[in-house]
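Visitor: I should like to learn how helix packing and burial are read from a model. Could you take me through the features one at a time?

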Amino acid sequence: GTRVILLSPIKDMTVEPGGVDITQRLTKPVRQSELYNAIVAVVEGERATQRKIPNESELPSLGGRVLVVEDNLVNQELALTMLEMMGCETDLAGNGLEALEALQHSDYDAILMDCQMPEMDGFDASREIRRREQSGQFEKPNTIVALTADALPGDEERCLEAGMDAYLCKPFSIEDLQAALEPYMPDALGSRESVADESTDAPSLDKSVLDSLRKLQKRSKRNVIERILGTYLERAPVLLDALEAAVSSEDTERIRFAAHSLKGTSANVGAVRLAELCAELESQIRDNDTSNIRELLARIDDECRSVCAALSRERAAA
């Protein structure tokens, strides 16, 4: 009588695990609202009703000023768009050093701090911010919300040890970002509505992520589809070239960093399979396993080309 929710990285509704009655199916990465709706549906014995998408007048109003510290151009665009829609003023820093410079000239209600960046990462930047606070260089404590694409065991503890206040895993929705910032923002409404994404089969792209971008497009003054997909199509080949060069030179640190960058960028445009391949490569480098790196790189190369072709079609259609 145990009810089963199937989690799979690849959408294939035709597959039936032998001898197991599947009540619900979810495709990884699973969003909080999707998991919630699936569990409610299983417990209640019926499919949960999708929550309505808030219209422009119902969007959360957080107010305040936020510093976005992120080196990934696609992630920058997503965060700035979401914050703009929630009524926040924003500034942008590309790494920890730039964040420290920005804090010398402005006060912020919250800092969105990416964990892995060049020159100075989010952990070192957060520690330095706390050190400067203790020495009296800032008038008030800074709220730091960590952004990470790893979600590995111990990551949250590492963020907290570095002095960060909250933890947000990428890719995140506007509802996830609202929930993370609400306790610290001046105009927070304290209400949170989740968006249940529709899912359709796709060999390389998670259509639900693209649907989310389209919803952002309707609610934002920015040309979200053009800017985010356009940025991805420009950056992905550059990141792939950097990854290939790192593999050729057998520079494991550069391999790990390039794989991490391509992983985070790809997840945010719905390229789930490509993100998983990059995560696998990143994990192998972390474990000092270089046995099949070139084979894995070839798979990443093929998938990246497939994703770019599919996103080009999506961009043209939009």
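Visitor: At what angle do helix α8 and helix α11 pack?

Guide: An axis here is a line fitted to C-alpha atoms, for helices over the stretch in contact, and angles run from 0 to 180 degrees between N-to-C directions. In this predicted model, local features need pLDDT of at least 70 and side-chain atom pairs count only at pLDDT 80 or more, while totals for chains, interfaces and linings use all residues. Residues are numbered from 1 along each chain as its sequence is written, and side-chain values use heavy atoms, with hydrogens and water left out. Helix α8 (residues 224-248) packs against helix α11 (residues 293-317) at about 165°, and their axes are 10 Å apart. Helices are DSSP runs of H or I with at least four residues, strands are runs of E with at least two, and both are numbered from the N terminus.

Visitor: How is the relative direction of α8 and α11 described?

Guide: Angles under 35 degrees count as roughly parallel, over 145 as roughly antiparallel, 65 to 115 as roughly perpendicular, and the rest as oblique. The helices α8 and α11 are therefore roughly antiparallel to each other. As to handedness, a crossing is left-handed if the near helix is turned anticlockwise from the far one by less than a right angle, and right-handed if clockwise. The crossing of α8 with α11 is left-handed.

Visitor: Which residues of α8 and α11 make the contact?

Guide: Contact means heavy atoms within 4.5 Å. On α8 the participants include E226, G230, Y232, L240 and L243, and on α11 they include I293, I300, C304, E314 and R315. For the classes, Ala, Val, Leu, Ile, Met, Phe, Trp, Tyr, Cys and Pro count as nonpolar, Asp, Glu, Lys and Arg as charged, and the others, Gly among them, as polar. The contact of α8 with α11 has 14 nonpolar, 3 polar and 6 charged residues.

Visitor: Is G230 of α8 buried or exposed?

Guide: Buried means under 20% relative accessible area, exposed over 50%, and partly exposed in between, with a 1.4 Å probe and protein chains only. G230 has a relative accessible area of 6%, so this residue is buried. Its C-alpha atom is separated by 7.6 Å from that of R315, 85 residues away along the chain. With neighbours within four places in sequence left aside, G230 is in contact with I225 and R315.

Visitor: What does E314 of α11 touch?

Guide: Not counting residues up to four places away in sequence, E314 touches K207, L210, R214 and L229. E314 counts as buried because its relative accessibility is 17%.

Visitor: How does α10 pack with α11?

Guide: Helix α10 (residues 272-286) and α11 pack at about 160°, with their axes 9 Å apart. This makes α10 roughly antiparallel to α11, and their crossing is left-handed. Among the residues that meet are L274, L277, C278 and L281 in α10, and I293, I300 and C304 in α11. By class, this contact divides into 10 nonpolar, 1 polar and 4 charged residues.

Visitor: How do α2 and α6 cross?

Guide: The axes of helix α2 (residues 73-85) and helix α6 (residues 174-181) come within 10 Å and cross at roughly 70°. That makes α2 roughly perpendicular to α6, and the crossing is right-handed. M82, L83 and M85 of α2 make the contact with I174, L177 and L181 of α6. The contact has 6 nonpolar, no polar and no charged residues.

Visitor: Which residues have the most contacts inside the largest nonpolar core?

Guide: In soluble globular proteins, nonpolar side chains tend to be buried together. A nonpolar core is a set of buried Ala, Val, Leu, Ile, Met, Phe, Trp, Tyr and Cys residues joined through side-chain atoms within 4.5 Å. The largest core here has 60 residues, and Y232 and I300 have the most contacts inside it. The helix α8 gives the most to this core, with 12 residues. Apart from it lies another core of 22 residues, among them V69, M120, A146 and C159.

Visitor: What does I300 contact?

Guide: With neighbours within four places in sequence left aside, I300 is in contact with L240, L243, L262, L274, L277, C278 and L281.

Visitor: How many helices and strands are in the chain?

Guide: The chain has 11 helices and 7 strands. Of its 318 residues, 52% are buried.
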